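Biologist: Could you take a close look at one spot in this model for me, and then walk me outward from there?

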Amino acid sequence: MSTPVNLNTIRQAPKVLLHDHLDGGLRPQTVIDLARAAGYSELPHDDAAELERWFEAAADSGSLERYLETFAHTVAVMQTEEALARVAAECVEDLAADGVVYAEVRYAPELFQERGLTLDQVVQAVQDGFREGERRVAAAGGRVRIGTLLCAMRQNARSLEIAELAVRYRDADVVGFDIAGPEAGFPPTRNLDAFEYLRQQNAHFTIHAGEAFGLPSIWEAIQHCGAERLGHGVRIVDDIKVDEDGKAHLGRLASYVRDRRIPLEMCPSSNLQTGAATSMAEHPIGLLTKLRFRVTVNTDNRLMSHCTMSSEFAALHETFGYGWEDFQWFTVNAMKSAFIGFDERLELINDVIKPGYAALLA
Ligand SMILES: O=c1[nH]cnc2c1ncn2[C@H]1C[C@H](O)[C@@H](CO)O1
Ligand SMILES: [Zn+2]
């Protein structure tokens with residue numbers, strides 16, 4: 001008889017996370033500590049539990065723009081090398097404690113220059129923090145590997161510079177690039193020079209698309225920019241019609257995304273808060289999973305969405321009845337879609353993920 005599925009047992013299952021923002025995953029107490037150290041007095045609460053509730057409620061606004069406003073506080077307290085390294089190390093510990101065995105964690109270096117840090121100092125501080133976190137996890141007998149994605153913010157015009165930064169650190173575990181920030185009004189094609197540069201460098205990138213804007217954003221991200229994965233991508237369902245008898249008809253773009261196995265970095269809880277989906281039951285992940293798109297499950301922002309990889313899986317179990325086989329499928333999908341090398345992905349699938357789920361299914 002297989003292990004019953006609940007939050008505790010899900011924590012023990014090996015999980016892979018491709019879409020997690022460093023500045024969206026701070027521990028509430030760390031936000032408070034760092035604010036104190038920096039003399040930042042704008043926090044809405046100085047009690048960790050209240051602050052945690054505040055982030056979740058403020059992010060639960062129904063709009064991506066309002067959701068993004070909450071990052072003003074986390075970004076404000078991450079302006080020194082010490083703060084960046086601490087947040088990065090704690091991020092690794094928290095993911096490992098939740099049973100994540102591989103994660104790609106992203107952030108926008110350009111946001112951490114308010115106190116004079118150079119882009120290189122920002123990246124080096126975060127990489128130091130990630131390596132420190134991995135060492136602490138290994139010393140405690142755990143296993144986790146972190147790759148970094150550098151984001152450029154859509155509303156700024158620094159994407160080529162950030163793409164060059166990502167390539168400069170590609171041998172120091174920066175595994176790819178992304179664009180983030182408000183989607184409506186900032187089409188991905190504004191950053192074509194960055195994407196062209198990355199392709200010429202044989203570098204990897206994903207693009208936030210199809211979250212707060214629809215099919216044109218997804219189409220541009222894939223066909224003009226050359227994105228290998230889609231951040232969210234939920235609006236791809238606008239190109240799918242389902243008959244009354246349940247038969248699905250895919251348009252050209254949806255067919256392309258499915259047939260080319262383009263990974264969808266889906267983040268259910270975040271989508272409920274930004275209004276990209278109306279409820280868990282109606283979240284497009286149900287249909288897209290049924291149609292065997294390459295779906296992956298992610299947290300987006302663990303602080304703002306008050307979630308973990310395990311709580312996302314648990315919510316999907318409650319809503320759609322998914323069990324270990326489905327979780328293994330999401331996890332293998334994610335591992336196959338990661339930006340690290342093929343050998344390493346295969347090793348994680350064969351040595352960690354499959355044995356982990358086999359034990360839970362036995
Ligand atoms: O879901 C999101 N969509 C677009 N941008 C986002 C999302 N979550 C976080 N961000 C932004 C806010 C962060 O400051 C930035 C880099 O992590 O990315
Ligand atoms: Zn995101």
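Biologist: Is Arg 261 buried or exposed, and how many other C-beta atoms lie within 10 Å?

Modeller: Happy to! First, some ground rules: this is a predicted model, in which local features need pLDDT of at least 70 and side-chain atom pairs count only at pLDDT 80 or more, while totals for chains, interfaces and linings use all residues. Residues are numbered from 1 along each chain as its sequence is written, and chains are lettered from A and ligands numbered from 1 in the order in which they are written.

Arg 261 is exposed, because 12 other C-beta atoms lie within 10 Å. On this scale, 12 or fewer others within 10 Å is exposed, 20 or more is buried and anything in between is partly exposed, with C-beta atoms placed from the backbone. Arg 261 sits in the loop between α11 (252-259) and β9 (264-266); helices (H or I, at least four residues) and strands (E, at least two) are DSSP runs, numbered from the N terminus. Its backbone deserves a glance too: phi of Arg 261 is near 60°, a positive value in a residue other than glycine. Most residues other than glycine have a negative phi.

His 306 also has a positive phi, near 45°, and is found in the loop between β10 and α14. His 306 counts as partly exposed because it has 17 C-beta neighbours inside 10 Å.

A third loop residue is Glu 211, between β5 (206-209) and α10 (215-224). Glu 211 is buried, since 26 other C-beta atoms lie within 10 Å. The unreviewed UniProt entry annotates Glu 211 as "active site"; such annotations may be inferred rather than shown by experiment. Leaving out residues up to four places away in sequence, the contacts of Glu 211 (C-beta atoms, placed from the backbone, within 7 Å) include Leu 64, Glu 183, His 232 and Thr 274.

For a helix to set beside these loops, take α15 (residues 324-337). Its 14 residues should span 20 Å at 1.5 Å a residue, and because its end C-alpha atoms are 20 Å apart, the two agree; the expected span is 1.5 Å times one less than the number of residues. Buried residues of α15 include Trp 324, Phe 327 and Phe 330, and its buried residues pack against elements including β10 and α14, the two that flank the loop of His 306.

Methods:
Contact = placed C-beta atoms within 7 Å.
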